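Me: I would like to go through this structure with you and ask, term by term, what justifies each description. Please set each value against the cut-off that applies.

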Amino acid sequence: NKSDLVFWHERARVTTHVMLNPAWPWQLMESTSEEDKKEVQNNTPPEQIAVNFYVNILARALSFTSPVFERLFVDTASKDADSQREKWKIRGPMLMAGVVTEVVLVLLTCLFFHLGIPIPCAFFGAATLVVAQSLLSCNKYATPWLDQKKYFLWICARADFDPGNFISDDVEKEDIDAVKEQLEKVGADLGEQIKELTALVKV
């Protein structure tokens with residue numbers, strides 16, 4: 001059934017995104033309660049707290065850019081124009097903070113490349129790629145430290161799930177069992193031969 005394959009591919013994509021992809025913190029800590037802040041800080045690695053702190057400070061400094069993003073992204077004729085405006089009031093400076101960070105990293109990479117210092121050049125080059133990927137990646141599956149919301153991993157199976165369904169016509173379960181028995185037999189034979197060789201060496 002092709003729907004099964006689509007489901008496995010999509011679940012693998014989402015899992016890989018959540019586990020591996022970097023993501024830009026899009027929301028200011030001030031938008032959450034003190035209790036939620038403490039919970040996030042207690043369950044967040046130090047490096048992520050440092051990134052969040054840096055982005056928040058830079059976003060505050062660039063808060064004057066929010067009206068520009070509101071004009072670009074808010075549909076004033078829409079019913080939820082107010083919610084969109086509030087969203088871009090926060091996301092605009094955050095996005096600008098990412099752009100500024102990216103520009104600075106590119107300049108530092110070029111500087112150290114021009115000076116012929118490889119280690120800082122490689123470090124800032126890698127940081128440039130990570131920030132670029134985090135800005136471009138979709139935050140639909142963002143982890144809790146990004147926007148202080150609680151997320152849950154939902155793993156389910158069909159009521160009629162049977163592992164046998166994933167054994168192809170070319171390789172039956174009996175074939176797998178036969179290979180397993182053969183491997184166990186080979187392992188036992190090797191064990192006996194090793195014992196015999198050990199006995200000969202001792203003699």
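**Reasoning from value to term**

Me: Before the terms themselves, how many salt bridges does the chain have, and what kind of model is this?

Reply: The model is a predicted one, and the count of salt bridges in it comes to two.

Me: What makes the pairing of Glu 70 with Arg 85 a salt bridge?

Reply: The criterion asks for a side-chain nitrogen of Lys or Arg within 4 Å of a carboxyl oxygen of Asp or Glu. For Glu 70 and Arg 85 the N to O distance is 3.9 Å, so the pair meets the limit of 4 Å. The two partners come from distant parts of the chain, Glu 70 from helix α4 (residues 66-73) and Arg 85 from helix α5, 15 residues apart.

Me: What makes Arg 85 and Asp 82 a salt bridge, and where do the two residues lie?

Reply: Their closest N and O atoms are 3.1 Å apart, and because the limit is 4 Å, this pair qualifies as a salt bridge. Arg 85 and Asp 82 both lie in helix α5, three residues apart, which is about one turn of the helix. Arg 85 also pairs with Glu 70, and Glu 70, Asp 82 and Arg 85 are accordingly linked in a network of salt bridges.

Me: Why are Glu 70, Arg 85 and Asp 82 given their particular labels of burial or exposure?

Reply: Buried means under 20% relative accessible area, exposed means over 50%, and partly exposed covers what lies in between. Glu 70, at 18%, therefore counts as buried, Arg 85, at 30%, counts as partly exposed, and Asp 82, at 58%, is exposed.

Me: What is the helix content of the chain, and how much of the chain is buried?

Reply: The protein chain has eight helices and zero strands, and of its 203 residues 24% count as buried. Among contacts between residues at least 6 apart in sequence, 71% join residues at least 24 apart.

Me: Why are α5 and α6 called roughly antiparallel?

Reply: The two helices pack at an angle of about 155°, with their axes 8 Å apart. Angles over 145 degrees count as roughly antiparallel, and α5 and α6 are therefore roughly antiparallel to each other. The crossing of α5 past α6 is left-handed. Residues making the contact include Gly 98, Thr 101, Glu 102 and Leu 105 of α5 and Phe 124, Thr 128, Val 131 and Leu 135 of α6.

Me: Why is α3 described as roughly perpendicular to α5?

Reply: Their axes come within 8 Å and cross at roughly 105°, and because the range from 65 to 115 degrees counts as roughly perpendicular, α3 is placed in that class relative to α5. Tyr 54, Val 55, Asn 56, Leu 58 and Ala 59 of α3 make this contact with Pro 93, Met 94, Ala 97, Val 100 and Thr 101 of α5.

Me: Why, then, is α4 called oblique to α5?

Reply: α4 and α5 pack at an angle of about 120°, with their axes 8 Å apart. The roughly perpendicular class runs from 65 to 115 degrees and the roughly antiparallel class begins over 145, so α4 is oblique to α5. α4 passes α5 in a right-handed crossing, and among the residues that meet there are Phe 69, Glu 70 and Phe 73 in α4 and Arg 85, Trp 88 and Leu 95 in α5.

Me: How do you know whether Thr 101 is buried or exposed, and which residues does Thr 101 touch?

Reply: Thr 101 lies in helix α5, and its relative accessibility of 8% makes it count as buried, because the cut-off is under 20%. Leaving aside neighbours within four places in sequence, Thr 101 is in contact with Trp 24, Tyr 54, Leu 58 and Val 131.

Me: Why does Val 130 receive its label?

Reply: Val 130, found in helix α6, has a relative accessibility of 44% and so counts as partly exposed. Its C-alpha atom is separated by 8.8 Å from that of Ala 23, although the two residues are 107 apart along the chain.

Me: Which residues have the most contacts inside the largest nonpolar core?

Reply: That core has 14 residues, and those with the most contacts inside it are Trp 24, Trp 26, Met 94, Ala 97, Val 131 and Leu 135. Helices α3 (46-61), α5 (81-115) and α6 (118-136) each supply at least two residues of this core.

Conventions. Residues numbered from 1 in each chain as written. Predicted model: local features only at pLDDT ≥ 70, side-chain atom pairs only at ≥ 80, totals over all residues. Heavy atoms only, no water. Core = buried A, V, L, I, M, F, W, Y, C linked by side-chain atoms within 4.5 Å. Buried < 20%, exposed > 50% of the residue type's maximum accessible area, 1.4 Å probe, protein only. Helix = DSSP H or I, 4+ residues; strand = E, 2+ residues; numbered from the N terminus. Contact = heavy atoms within 4.5 Å. Axes fitted to C-alpha atoms, helices over the stretch in contact; angles between N-to-C directions. Parallel < 35°, antiparallel > 145°, perpendicular 65-115°, else oblique. Left-handed = near helix turned anticlockwise from the far one by under 90°.
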